[in-house]
Amino acid sequence: MEDDADRPIIRVRGLVKSFGNHTVHDGVDLDVRRGEIIGIVGGSGTGKSVLLHQIVGLLKPDAGRIEVFGESVRDTSDEEYRALRRRWGVMFQDGALFSSLTVRQNVEAPMREQLDLPDDLRETLAGIKVRMVGLPDNAQGKYPSDLSGGMRKRAGFARAIALDPEIVFLDEPTAGLDPIGAAAFDTLIGQLQTALGLTVFMVTHDLDSLHAICDRVAVLAEKKVLAVGTMDEMLKVDHPWVHEYFHGPRARAALAGTASEGD
Ligand SMILES: Nc1ncnc2c1ncn2[C@@H]1O[C@H](COP(=O)(O)OP(=O)(O)OP(=O)(O)O)[C@@H](O)[C@H]1O
């Protein structure tokens, strides 16, 4: 069945999640639109990664509803979940590459799991994904430990797009990169989003990324999505944390950087 174009590609309603007596989410609502890049921001420990992990079915919410492509992620059989999972790719915070596999083998891993392809075709396709993220051909045979942090992130991105997903989830893709590497990674995300028509759900602390590539931003605070909108709309939100985040010195520097790029 075709997805309704107006229906959010991800719909979260009334999400509640606690660890012991520590409540992380208490009524999280969020819609993600098909084709957008949405940045998820919030203070440390506000549950950005926990939200991502619940949406992709790696953590079980205590209450609430999560729909991806109109399907409830919780109420699926193993087979249905496998089919859903094929339509998204995840790049975890640290890249989460298999250290004993080469870059190309890492990209092949989800293909082996989900697709029944002849070896040579799978290798060729994985090689194409490695090229798409801007890694040189000689990176294909290297192990994660032989790569720079930026190259490891690109390899993680290549694995996230291995199955031609409709959504990619990126957990702090530019964390730990120097400003030039981070800007190059932002450019890559923007280019692949456009070229492949991706929806991008991106957890980030990086104000430069928000300015450079995000269509909308969702702020997690007080156990909820406190505000969601464009960067311009975020500047008008009257909440102390949101105000400090979007008007503070780092925000001004990021805004100045964006302005001078456009000059
Ligand atoms: N598996 C777990 N067991 C217990 N507590 C957890 C677990 N996973 C996350 N938490 C707690 O949930 C809270 C939210 O964690 P999460 O990693 O989502 O924060 P975050 O917003 O992504 O933070 P950061 O920006 O620092 O990465 C934290 O207090 C964390 O300690």
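This is a short tour of the predicted model, moving from its confidence scores through two sheets to the ligand.

**Before you start**

Residue numbers run from 1 along each chain as its sequence is written. Because the model is predicted, local features need pLDDT of at least 70, side-chain atom pairs count only at pLDDT 80 or more, and totals for chains, interfaces and linings use all residues.

Colour the protein chain by pLDDT, the predictor's confidence in each residue, from 0 to 100. The mean is 90, and 94% of the residues reach 70 or more. The model scores ipTM 0.96 and pTM 0.91.

**Stop 1: residues 10-247**

Select residues 10-247, which an unreviewed UniProt entry annotates as "domain: ABC transporter"; such annotations may be inferred rather than shown by experiment, and their positions are given in the numbering used here. This stretch is 39% helix and 26% strand, with its end C-alpha atoms 29 Å apart. Helices (H or I, at least four residues) and strands (E, at least two) are DSSP runs, numbered from the N terminus.

**Stop 2: the four-stranded sheet**

Now show strands 1, 2, 4 and 5. They form an open sheet in the order 2-1-4-5, with antiparallel pairing; two strands pair if DSSP finds at least two bridges between them. Strand 2 (22-32) and strand 5 (71-72) stand at the edges with a single partner strand each, so one side of each has no neighbour in the sheet.

Start with strand 1 and strand 2, which are joined by eight bridges in the antiparallel sense. Click on Val12: its bridge partner in strand 2 is Leu30, while in strand 4 Val12 stands opposite Ile66. In the hairpin of these strands 1 and 2, two residues lie between the strands, and Gly20 takes a positive phi near 60°.

Next, follow strand 1 across to strand 4, an antiparallel pair with five bridges. Arg13 has Arg65 as its bridge partner there.

Finish at strand 4 (residues 63-68) and strand 5, paired in the antiparallel sense over two bridges. Val68 faces Glu71 across the pair, and Glu67 stands opposite Ser72. These strands also form a hairpin with two residues between them, where Phe69 in the turn has a positive phi of about 55°.

**Stop 3: the six-stranded sheet**

Select strands 6, 7, 8, 3, 9 and 10 in that order: this open sheet has mixed pairing. Its edge strands are strand 6 (88-91) and strand 10 (224-229), each pairing on one side only. From one strand to the next the twist averages 15°. Inside the sheet, strand 3 (residues 37-42) runs parallel to strand 8 (residues 199-203), with four bridges joining them. Look for Ile38 opposite Phe201 there.

**Stop 4: helix 1**

Which strands does helix 1 lie across? In the four-stranded sheet they are strand 1 (10-19), strand 2 and strand 4, and the helix runs at about 120° to strand 1. Helix 1 also lies across strand 3, strand 7 (167-171), strand 8 and strand 9 (216-221), at about 145° to strand 8. Axes are lines fitted to C-alpha atoms, for helices over the stretch in contact, with angles from 0 to 180 degrees between N-to-C directions. Contact requires C-beta atoms, placed from the backbone, within 7 Å.

**Stop 5: the ligand**

Finally, select the ligand and the residues around it: Phe19, Val24, Gly42, Ser44, Gly45, Thr46, Gly47, Lys48, Ser49 and Val50. A residue belongs here if its C-beta atom, placed from the backbone, lies within 6 Å. Helix 1 (residues 48-55) gives the largest share of this shell, three residues. By class, the shell has three nonpolar, six polar and one charged residues. Ala, Val, Leu, Ile, Met, Phe, Trp, Tyr, Cys and Pro count as nonpolar, Asp, Glu, Lys and Arg as charged, and the others, Gly among them, as polar.

Definitions and conventions
Two residues are in contact if their C-beta atoms, placed from the backbone, lie within 7 Å.
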